[in-house]
Amino acid sequence: MARKTPGLNTSSMSDISFLLLAFFLMVSNINSDMGIARRLPPPLPEDVEPPEVRERNIFVVMVNKDDRLLFNREYGRIDDLKDRAKEFLGNPENRPNLPEKIPTEIPLLGTYDVSKGVISLRNDRGTSYDMYLQVQNELTAAINEMRDELSTTRFGKKYTDLNEEQRKAVDTAIPVAISEAEPTKIGGK
Amino acid sequence: MARFTGKKAKETPALNMGSMSDIIFMLLFFFMVITTMRESSLYVKIIPPQGSEVVKLEKKSLVSYINVGVPLPDQQKKYGTEPRIQLNDMISEVSDIVTFVELERNQRIEADRPYITTAIKADKQVRMGMISDIKQELRKSGALKIFYNASKGARKK
């Protein structure tokens with residue numbers, strides 16, 4: 001006749017799993033990486049001349065080594081950058097001193113006037129990374145707002161809620177037109 | 001009253017701890033799923049700048065990190081007090097980036113290689129000269145998808 005086996009003492013089980021839990025808490029980190037994604041231009045072949053760009057199609061943002069801003073050779077403040085960039089890229093009144101637009105056939109959107117404007121960002125070697133990122137952030141904000149506006153008028157949804165095809169169409173209509181010059185070597189360390 | 005006081009006080013029964021381990025295991029799995037392993041310890045101090053338009057970095061397995069910042073106090077004897085670059089576990093020079101990118105590329109399978117992103121994790125005090133040098137090296141080595149690490153912050157008004 002088999003005896004009844006006594007119940008296993010499992011009170012230390014919780015201790016063991018607590019230990020494991022503590023270990024994993026120590027070696028792992030929860031914070032996910034956030035940031036701004038960009039694409040670098042491929043290296044230029046040396047014998048190719050840079051294409052001519054008309055002055056109305058370019059908006060120069062310069063940052064000096066003291067983190068001060070110049071928009072098209074005038075002093076500017078970071079708070080105004082987003083609105084200036086939106087005005088430049090959008091050119092809602094078709095003014096002659098702001099960029100030209102090229103009507104382009106885009107799937108889902110039909111014919112859309114794509115701006116030829118390029119924001120040229122130049123920074124000094126002494127500019128702080130903080131300021132540089134603030135500028136990039138403001139420019140991204142301008143582009144994101146324009147994309148949001150377009151997608152709400154055309155699709156009735158925010159840009160982030162669009163499906164992939166719609167998003168591609170909006171991306172073609174409002175590209176990330178930021179060009180970065182090689183940094184100048186004056187001042188700073 | 002006498003009926004109650006006369007009796008001996010009953011002992012409270014022991015709490016059943018059997019399900020305790022289940023609960024803790026559940027917690028354990030929860031944390032294991034939502035976290036990522038810390039890859040390498042940092043030798044440089046990084047306080048990322050803040051931005052309001054930051055997005056999440058997708059596909060972590062296809063990301064290689066370049067850390068830039070001033071060496072930590074206990075490393076300063078060895079590496080100085082000027083901002084340095086850390087690739088994987090080593091403090092490196094700008095010229096090492098090309099080899100680093102090549103190594104990272106070879107670790108991934110062929111189909112994934114076009115999607116490799118290089119995340120630049122830099123301290124906000126770092127000067128742009130250094131970042132630009134890194135960007136030029138990345139251009140040279142063909143790692144064109146980059147990502148500026150920043151923490152989420154409110155819009156500055």
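Student: In strand β9(B), which residue is the bridge partner of Ala37(A)?

Tutor: This is a predicted model. Ala37(A) belongs to strand β2 of chain A, which covers residues 34-39. That strand pairs with β9(B) in the antiparallel sense, over 5 bridges. In β9(B), the partner of Ala37(A) is Phe147(B).

Student: Which residue of β9(B) does Thr118(B) stand opposite?

Tutor: Look at strand β8 of chain B, residues 117-122. It pairs with β9(B) over 3 bridges, in the parallel sense. Across from Thr118(B) stands Ile146(B).

Student: Is the β-α-β unit of β8(B), helix α5 and β9(B) right-handed or left-handed?

Tutor: Start at β8(B). Helix α5 of chain B, residues 128-141, joins β8(B) and β9(B) in the unit. Its hand is right-handed.

Student: How many of the 5 residues of β9(B) are buried?

Tutor: A residue is buried if 20 or more other C-beta atoms lie within 10 Å of its own. Strand β9 of chain B spans residues 145-149 and is mostly covered. For chain B as a whole, 27% of its 157 residues count as buried. In β9(B), the buried count is 4.

Student: Which helix gives the most to the largest nonpolar core?

Tutor: Nonpolar side chains tend to be buried together in soluble globular proteins. The largest nonpolar core here has 48 residues. Those with the most contacts inside it include Tyr129(A), Tyr132(A), Val68(B) and Ile120(B). The top contributor, with 8 residues, is helix α3 of chain A, residues 129-155.

Technical notes: Residues numbered from 1 in each chain as written. Chains lettered and ligands numbered in written order. Predicted model: local features only at pLDDT ≥ 70, side-chain atom pairs only at ≥ 80, totals over all residues. Buried ≥ 20, exposed ≤ 12 C-beta atoms within 10 Å, placed from the backbone. Helix = DSSP H or I, 4+ residues; strand = E, 2+ residues; numbered from the N terminus. Pairing = 2+ DSSP bridges. Right-handed = clockwise from strand over helix to strand, strands pointing away. Core = buried A, V, L, I, M, F, W, Y, C linked by C-beta atoms within 7 Å.
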